[in-house]
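This briefing is intended for a reader who is new to the structure shown below. Please keep the sequence and the model at hand while reading.

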Amino acid sequence: MKAAILGTTGYTGLLLARLLADHPEVDQILPVSSSKAGRKLSEVDPGFQDPKAKIPDEGTLQSLETAQDQNPEVVFSALPHLESARLCAPFLGKSVIIDLSADFRLKSIETFRAAYGSPPPRADLLDQAVYGLTEWHREAVRSSDLIANPGCYPTSVLLPLLPVARAGLIGGEIHVSSISGISGAGRKVKAEYLFCERSENACAYAPGKRHRHVSEMEEQLRGEAPEASILFVPHLAPLRKGMTSTIMVPLSRKVTEQEVAALFDSAYGAAPFVGLRGSGIPQTAEVRGSNRCDIGWQIEGGTLLLFSVLDNLMKGASGQAVQNMNVRMGFPETSGLSLAGEI
Ligand SMILES: NC(=O)c1ccc[n+]([C@@H]2O[C@H](COP(=O)([O-])OP(=O)(O)OC[C@H]3O[C@@H](n4cnc5c(N)ncnc54)[C@H](OP(=O)(O)O)[C@@H]3O)[C@@H](O)[C@H]2O)c1
């Protein structure tokens, strides 16, 4: 199978190239770059290995036009929002598109405009897009040619919250406090992300509705609990990658930790990439490099505490994108993806 990557030289694009180079079902990779076409991928990422020579022309980055001429079966778009839909939409009808940006994630044009400052670039295609939170939309992903890969914060919040919402346990405003590693902001050079600014330093940013991912979380959550609302406070911490979310849910009725365990078992018992940790509190290092999201839970009075961790570049982005490709193309869901991660 032939797969193209748009925006290859960003963090999620580089990781996609590494994952696809190891993927047993992918024979050819077309790495597209707007800024570095003609250069070798190994110049941008000297750690990249391609032992099966899956990239043509000895690992050369390509232009968009060259990739289009080669009719890839799958196109991953690892481009910034607003750019992404514009550049990957021409592949629709010929390739399966898996878009890592926000451009196809929201169904409401007004919500998109409020979050991103302009209308969705291809509003005409929103109806065709499936929200690629694999564990919740696996059947729809199987037959979709346009998959909107979720954001990293929404993945870390929705996987723990959706089973609770489906069970009718949400009794008021949900409070979420999340911490992200710096790679969540991408590879672009900005003074605020320099080592000297971020090391030994942590802070909250874009609290409340100011963070764009709130609308994505609420739109998805309201499919299960129409009144649900979220107060979200994200934080940046001096980690290269990794994300943890603590979710505080006011309960609509009394439940035990065992009942909550049963809910999670029924939602994720057969899901290879969700680790259920009971009352244990998971840590980011335990899922680093893996495609897992691990979830723990405790009850404190009338509040259900949910704890989740994931690697923002894996289950939060490129790993989930490959998981969606696996489901869509009929490959084993775990193909080319690590369960164990790194030590
Ligand atoms: N980082 C994360 O943890 C994460 C998690 C979930 C989702 N995402 C989403 O995934 C997408 C890629 O994220 P990323 O972290 O890989 O971003 P990134 O490191 O900033 O890379 C984006 C790449 O897009 C290409 N590009 C093309 N047109 C561009 C333009 N006008 N401005 C800037 N870049 C342009 C560039 O690659 P070429 O020059 O090679 O074309 C650039 O390296 C984004 O939509 C992001 O929101 C990221």
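The points that follow cover the ligand and its surroundings, several buried residues, one helix, the cysteines and two backbone angles.

The model is a predicted one. A ligand is present, and 27 residues surround it. By the distance rule for cysteine sulfur atoms, the model has zero disulfides.

**The ligand and its shell**

- Among the 27 residues that surround the ligand, the closest are Thr9, Ser33, Ser35, Leu79 and Arg187.
- Sorted by class, this shell holds eight nonpolar, 15 polar and four charged residues.
- The side chain of Ser35 has an N or O atom 2.5 Å from an oxygen atom of the ligand.
- For Ser33, an N or O atom of the side chain is 2.6 Å from a ligand oxygen.
- At Ser34 the partner is in the backbone: a polar backbone atom of Ser34 is 2.8 Å from an oxygen atom of the ligand.
- On its own the ligand has 880 Å² of accessible area, of which the protein covers 78%.
- Two or more residues of the shell come from each of the elements α1 (11-21) and α12 (314-329).

**Asn149, a buried loop residue**

- Asn149 is located in the loop that runs between β6 (146-148) and α8 (152-166).
- Asn149 has a relative accessible area of 0% and therefore counts as buried.
- Beyond its neighbours within four places in sequence, Asn149 is in contact with Ile98, Asp99, Leu100, Ser101, Arg105, Gly132, Ala317, Gln320, Ala321 and Asn324.
- Two of these partners also appear in side-chain polar contacts of Asn149: the side chain of Asn324 at 2.9 Å, and the backbone nitrogen of Ala321 at 3.5 Å.
- Leu14 is 135 residues from Asn149 in sequence, and the two C-alpha atoms are 17 Å apart in space.

**Two buried serines**

- Ser183 belongs to the loop between β7 (174-180) and α9 (195-198).
- With a relative accessible area of 10%, Ser183 is buried.
- Leaving out residues up to four places away in sequence, Ser183 touches Tyr11, Arg240, Lys241, Asn312 and Leu313.
- The side chains of Ser183 and Asn312 are joined by a polar contact of 3.1 Å.
- Ser156, by contrast in setting, is found in helix α8.
- The relative accessible area of Ser156 is 0%, so this residue counts as buried.
- Residues up to four places away in sequence aside, Ser156 touches Met243, Ser245, Ile247, Ser308 and Leu310.

**Helix α7**

- Helix α7 spans residues 134-142, and Thr134, Glu135, Trp136 and Val141 are buried in it.
- These buried residues pack against β5 (130-131), β6, α8, α11 (257-268), β11 (274-276) and α12.

**Cysteines**

- A disulfide is a covalent bond between the sulfur atoms of two cysteines.
- The count of disulfides in this model is zero.
- Cys196 takes part in no disulfide, and the nearest cysteine sulfur, that of Cys203, is 16 Å away.
- Why does Cys196 count as exposed? Its relative accessibility is 69%, and the cut-off for exposed is over 50%.
- Cys203 is likewise in no disulfide; for this residue the nearest cysteine sulfur is that of Cys152, 16 Å away.
- Cys203 counts as partly exposed because its relative accessibility is 31%.

**Positive phi angles**

- Most residues other than glycine have a negative phi.
- Ala53 has a positive phi, near 50°, and is a residue other than glycine.
- Ala53 is placed in the loop between α2 (41-44) and α3 (56-59), and is exposed at a relative accessible area of 58%.
- Glu200, which is not a glycine either, has a positive phi of about 55°.
- The loop between α9 and β8 (203-204) holds Glu200, and a relative accessible area of 82% makes Glu200 exposed.

How values were computed: Residues numbered from 1 in each chain as written. Predicted model: local features only at pLDDT ≥ 70, side-chain atom pairs only at ≥ 80, totals over all residues. Heavy atoms only, no water. Near = heavy atom within 4 Å. Polar contact = N/O pair within 3.5 Å; in protein donor to acceptor, adjacent residues only side chain to side chain. Areas by Shrake-Rupley, 256 points an atom, 1.4 Å probe, with all protein chains shown as cover. Helix = DSSP H or I, 4+ residues; strand = E, 2+ residues; numbered from the N terminus. Nonpolar A, V, L, I, M, F, W, Y, C, P; charged D, E, K, R; others polar. Disulfide = S-S within 2.5 Å. Buried < 20%, exposed > 50% of the residue type's maximum accessible area, 1.4 Å probe, protein only. Contact = heavy atoms within 4.5 Å.
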